[in-house]
Every structure is written in structure tokens, then in C-alpha cells.
Amino acid sequence: MTQDKELDRSRELARLNNAYRRTFGTEDGKTVLQNLRAYFRMGRPAFERSLHHPYDPLAAALRDGQREVILFIEHKLSQPVIADGDIEQPTTTVTRA
């Protein structure tokens, strides 16, 4: 990948991280994310069984996929925020070793 493409990709990712922060960083966004955590039972294991049902690998895969979405959003929120204006004027250069 050329340096220009790497820089464009870096800018695109920074803009996307900022969009996640603007969406889920508000009080409403935090409320929605908390609701998603509760609805998809983030504190529970993917593999569960009840007294009357054995382990169901399909149900576990579904729960694990739901959990992965929440974890992805939380990961995006943990990324550093770069001001939109600073995205266009990077302070560092991309070099290849």
C-alpha cells in the first residue's frame, strides 16, 4: 500500500472513530449502549444450559455474535479522539521500515 493510501485509510479510520464517539458518547448514546448490554446479556456466558435443556451451540454462537457487536462498539469508543481538523493535517508522517 502506498503512503497516500495508508494516510487516506488512517484518516478514514479516525473519522469513523469520531463518528462512533459522537453517536455513543452522548447521554442518549450511553443509554442505548447500556440497553444493548442488558438486552444481549453481556454479563452472562455464551454457553448456558437450563435444567431442561442441554447446551445449544447455535444459541451460543448467536449470543457470542451479539456480544461481539457490543465489544466492537466499546473498542471504537476506547480509541483516541482526533479533532476532525487535525485528521486532514497529520502531525506525524507514515514511513516504512
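**Exercise 1.** Is E74 buried, exposed or partly exposed in this predicted model, and at what relative accessibility? Establish this, and then describe the salt bridge that E74 forms.

*Solution.* Begin with the thresholds, under which buried means under 20% relative accessible area and exposed means over 50%, with partly exposed in between. The relative accessibility of E74 is 25%, so E74 counts as partly exposed. Next, turn to the partner: E74 forms a salt bridge with R37, and the closest N and O atoms of the two are 2.5 Å apart. This pair links distant parts of the chain, since R37 lies in helix α2 and E74 in helix α3, 37 residues apart. Finally, R37 is itself partly exposed, with a relative accessible area of 25%. As a general matter, side chains of opposite charge can pair when their charged atoms come close.

**Exercise 2.** Find how many salt bridges a search of the whole structure gives, and examine those in which E12 and E27 take part.

*Solution.* The search of the whole structure finds four salt bridges. For the first of the two requested, the side chains of E12 and R9 meet with an N to O distance of 3.1 Å; because E12 and R9 are three residues apart in helix α1, about one helical turn separates them. Both ends are partly exposed, E12 with a relative accessible area of 45% and R9 at 40% relative accessibility. For the second, the side chains of E27 and K30 meet at 3.9 Å, N to O, where the cut-off for a salt bridge is 4 Å. E27 and K30 both lie in helix α2 (residues 27-39), three residues apart, which is about one turn of the helix. Here E27 counts as exposed at 57% relative accessibility, whereas K30, at 45%, counts as partly exposed.

**Exercise 3.** Count the aromatic pairs, and work out the geometry of the pair made by Y20 and F72.

*Solution.* The count comes to three aromatic pairs. In the pair of Y20 and F72, the ring centres are 5.9 Å apart and the planes stand at 75°; planes over 60 degrees apart count as edge-to-face, so this pair is edge-to-face. Y20 belongs to helix α1 (residues 3-24) and F72 to helix α3, so the pair ties together parts that are 52 residues apart in sequence. Another edge-to-face pair is formed by Y39 and F40, at 5.0 Å centre to centre and with 85° between the planes. Of its members, Y39 counts as exposed at 62% relative accessibility, while F40 is partly exposed, with a relative accessible area of 22%. Ring pairs also link Y20, F24 and F72 into a cluster, in which F72 counts as partly exposed at 38% relative accessibility.

**Exercise 4.** Place R63 within the secondary structure, and decide from its accessibility whether R63 is buried or exposed.

*Solution.* The protein has four helices and zero strands, and from the N terminus on its elements run α-α-α-α. R63 has its place in helix α3 (residues 57-78). Its relative accessibility is 16%, and since buried means under 20%, R63 counts as buried. Leaving aside neighbours within four places in sequence, R63 is in contact with R41, P45, A46, F47 and E48. For the protein as a whole, 19% of the 97 residues count as buried, and the exposed area is about 7700 Å², of which carbon and sulfur atoms supply 56%.

Conventions:
Residues numbered from 1 in each chain as written. Predicted model: local features only at pLDDT ≥ 70, side-chain atom pairs only at ≥ 80, totals over all residues. Heavy atoms only, no water. Helix = DSSP H or I, 4+ residues; strand = E, 2+ residues; numbered from the N terminus. Buried < 20%, exposed > 50% of the residue type's maximum accessible area, 1.4 Å probe, protein only. Contact = heavy atoms within 4.5 Å. Areas by Shrake-Rupley, 256 points an atom, 1.4 Å probe, with all protein chains shown as cover. Phe/Tyr/Trp six-rings, centres within 6.5 Å; stacked < 30°, edge-to-face > 60°.
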